[in-house]
Amino acid sequence: MLYHDLLKKELFDYINSEYSKKNIKEVPKQSSFNIEIPSNKKFGDVSTNIAMVFAKKIGLPPRDLALKISKYMDKENFIEKVEVVGPGFLNIFFKKSFWQDQLKFYFKSINSLNYNIKKKNICLEFVSANPTGLMHIGHARGAVFGDTIASILEEVGHKVTREYYINDAGEQIKKLKKTINFHSKSRNNKNIKTDDELYPGEYLKEISEKIFSEKLSEPMFENKIIKFIMNDIKEDLLKIKIVHDSFVSEKECSSKKNVDEILKKLDQKKLTYYGYQEKPKSSNNETWEKKKLLLFKSQEFGDETDRALIKSNGELTYFMTDIIYHQKKIDKRYDILLNIWGSDHSGYVKRLQSALEQLNKKTDYTFEIKLTSLVNLLNGKQVLKMSKREGNYVTLREVVEKVGSDVLRYMMISRSVDKKIDFDFEIFKSKSKDNPVFYIQYAYARCMSLISIYEKTFNTSLKNIDLMQVNLSNLNLNEEIIMIIKVCNFFNVIIKAAKFYEPHRIANYLFDIAKDFHAYWGLGKVDSSKKVIIDKDCNISLSRIVLILSISMIIRKGMNILKIECPENM
RNA sequence: GUGCCCGUAGCUCAAUUGGAUAGAGCAUCUGACUACGAAUCAGAAGGUUGGGAGUUCGACUCUCUCCGGGCACGCCA
């Protein structure tokens, strides 16, 4: 059993027995206390705050409860000692043999870990870039972040649908059509004036060439444009290893039947009315005039104004179709709706949330939105200026060509999502420790190299050895125990990353374990008895090879989740 | 003006979601190649966590306030 589960069970059993002794009717919550590997080794191999969490309920001072628990735990034969420190921390030191057993457990089950999490059906919507042009570097962050979250959630046992919502309706699409039409006309007539209302850039000119070489009639034409652009978007996504399971069209959401259904429900709750809006604060438009339109009473839920559902010309707003789209997902009985949006949509979150809350019971669904902060591209120290209006933004495809998928993916998830990223090309072109991707990959390659050296030195193949039977009791060096603990911490990292939707934990962990490995490797430089492979001692070499193999398996597993390559030779 | 996010070492970021002496990398200085891959390692130095107040056993983390930066504030998406 994993140390984490083992301890959790032991400690929890004790709390339960205290509860029944004191006749407390309430059931203690297992999730309310922590078992952590502290950053400072002085505080034990593992530390828990359990006594401080349950002290009040049980009616003892935290330190007294901690002392009782420590006496109870001390009897366990895998425990070296238990200390009660500070306000009531329990610091647990394991016997080395326990960690050696744990390593074996990990070695056996790394590819089939049981995270003990209740399986949920999750719809993860991400990317959803408008099909009006190529994706830029900002989209890359949401794309990689979303995809990695999906992998992590799958790793811990959930079922995830990766979904893309295609905004193939509304004003943006009208503008797109106008742009394509303009390009086709201006091919024959160079005197046609350009129009401010068009999308800039060469890309749509190319699309227009494609469209008109196929000589399509008007109704087919719109679908074809979107199809072409979506194909390019999918191609770009594939280059960074992202494949969606499902594409949902905004146009198809906005059928009359769907609209009537939602409006009827909102109407029954008296949440809609025909009215007018104030002139928007941000607008300098002097031609703005008051017009009657159908509004949702979002002010009742803390919004600063009521929001439009149906425009004055009878068309649906984005808000309206978005309600329908999300309601459909809830009707499909997903347990969790998780959306990844750019932070520029932050103001929109509240109104959608409140609309869905009015249409559903709270227990029917969980709706969460993660917002990704923006990305600056740097060239050395210089920020590359981008403007969508001028059409000179850096596309995702250009960045992938420059640095490759691995570096892009790592960069996009190595920082917590609510911090802006300064993406420096110079650093990520380098093949040194400056570049964490190379550093981690190098650690893996070194592991592989050690294994082949072992096989050569002792003229054998690991395939012919039953590694589960290898004696690990000579993994005694402090550095070795530290490495083992680090390996065992993988489990916690994944659980936390899944729980809080924080993939950067995995990226940091991999860098960290790579660092410890390089340090371990470096010991052999100073003291040849600490080399992994010692020519005269087949046994200790083999024990160390099991440790090295475990490290390499962890790195590979982590890199697989991040979808970053792990070459055996570099 | 209002709402949301950010502010941690010279720079770029962590900090187990309220835990113990706030940790890494880069840059700087010092040391290690007759090589288990130096694409590396070891050591030193670097901090009033933007300022102030509060909440409690305990605050980078929560609350309030001020300062600085970003993003929004449409019948666009």
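Here is a short question-and-answer session on chain A and RNA strand B.

User: Before we dig in, what kind of model is this and how are things numbered?

Analyst: Residues count from 1 along each chain as its sequence is written, while chains are lettered from A and ligands numbered from 1 in the order in which they are written. As for the kind, local features need pLDDT of at least 70, side-chain atom pairs count only at pLDDT 80 or more, and totals for chains, interfaces and linings use all residues, since this is a predicted model.

User: How many helices and strands are there in chain A?

Analyst: Helices (H or I, at least four residues) and strands (E, at least two) are DSSP runs, numbered from the N terminus. The C-alpha atoms of the chain fill a box of roughly 85 × 65 × 40 Å along the principal axes. Inside chain A, the count comes to 19 helices and 15 strands.

User: What percentage of the 570 residues in chain A is buried?

Analyst: A residue is buried if 20 or more other C-beta atoms lie within 10 Å of its own, exposed if 12 or fewer, and partly exposed in between, with C-beta atoms placed from the backbone. Going by that, the buried share of the 570 residues is 32%.

User: Which residues come nearest to RNA strand B?

Analyst: Here "near" means that a residue's C-beta atom, placed from the backbone, lies within 6 Å of the strand. There are 80 residues around RNA strand B. The nearest of them are G170, K291, G347, G522 and G524.

User: Which helix gives the most to the surface near RNA strand B?

Analyst: Several elements supply at least two residues each, among them helix 6 (171–188), helix 15 (436–457) and strand 4 (89–94). The top contributor, with 11 residues, is helix 18.

User: And how many residues of that surface near RNA strand B are charged?

Analyst: Ala, Val, Leu, Ile, Met, Phe, Trp, Tyr, Cys and Pro count as nonpolar, Asp, Glu, Lys and Arg as charged, and the others, Gly among them, as polar. The surface has 27 nonpolar and 29 polar residues. Its charged residues number 24.

User: What is the strand order in the open sheet of 5 strands?

Analyst: Two strands pair if DSSP finds at least two bridges between them. In this sheet the pairing is parallel, and strand 7 (246–249) and strand 12 (366–372) are the edges, each pairing on one side only. Neighbours are turned by 25° against each other on average, direction ignored. The order reads 7-6-5-11-12.

User: Which residue of strand 6 is the bridge partner of L124?

Analyst: Strand 5 (residues 121–125) and strand 6 (residues 159–166) run parallel and share 5 bridges. Opposite L124, the partner in strand 6 is R162.

User: At what angle to strand 11 does helix 11 run?

Analyst: Axes are lines fitted to C-alpha atoms, for helices over the stretch in contact, and angles run from 0 to 180 degrees between N-to-C directions. Two residues are in contact if their C-beta atoms, placed from the backbone, lie within 7 Å. Helix 5 (residues 137–155) runs at about 155° to strand 11 (336–342). For helix 11 (residues 318–331), which lies across strand 5, strand 6, strand 7 and strand 11, the angle is about 150°.

User: What stands opposite F296 in strand 10?

Analyst: Strand 8 (residues 272–275) and strand 9 (residues 293–296) pair antiparallel over 4 bridges, with Y273 opposite L295. Strand 9 is also joined to strand 10 by 3 bridges, again antiparallel. The residue opposite F296 is R307.

User: How far apart are the centres of domain 1 and domain 3?

Analyst: The bounds come from an automatic or database domain assignment, which gives domain 1 (3–94), domain 2 (126–254 + 373–429) and domain 3 (436–562). Between domain 1 and domain 3, 4 residues of the former are in contact with 5 of the latter. Taken over C-alpha atoms, their centres are separated by 31 Å.

User: Is K270 buried or exposed?

Analyst: K270 sits in the loop between helix 10 (256–268) and strand 8, with a positive phi of about 55° although it is not a glycine. Most residues other than glycine have a negative phi. Because K270 has 9 C-beta neighbours inside 10 Å, it counts as exposed.
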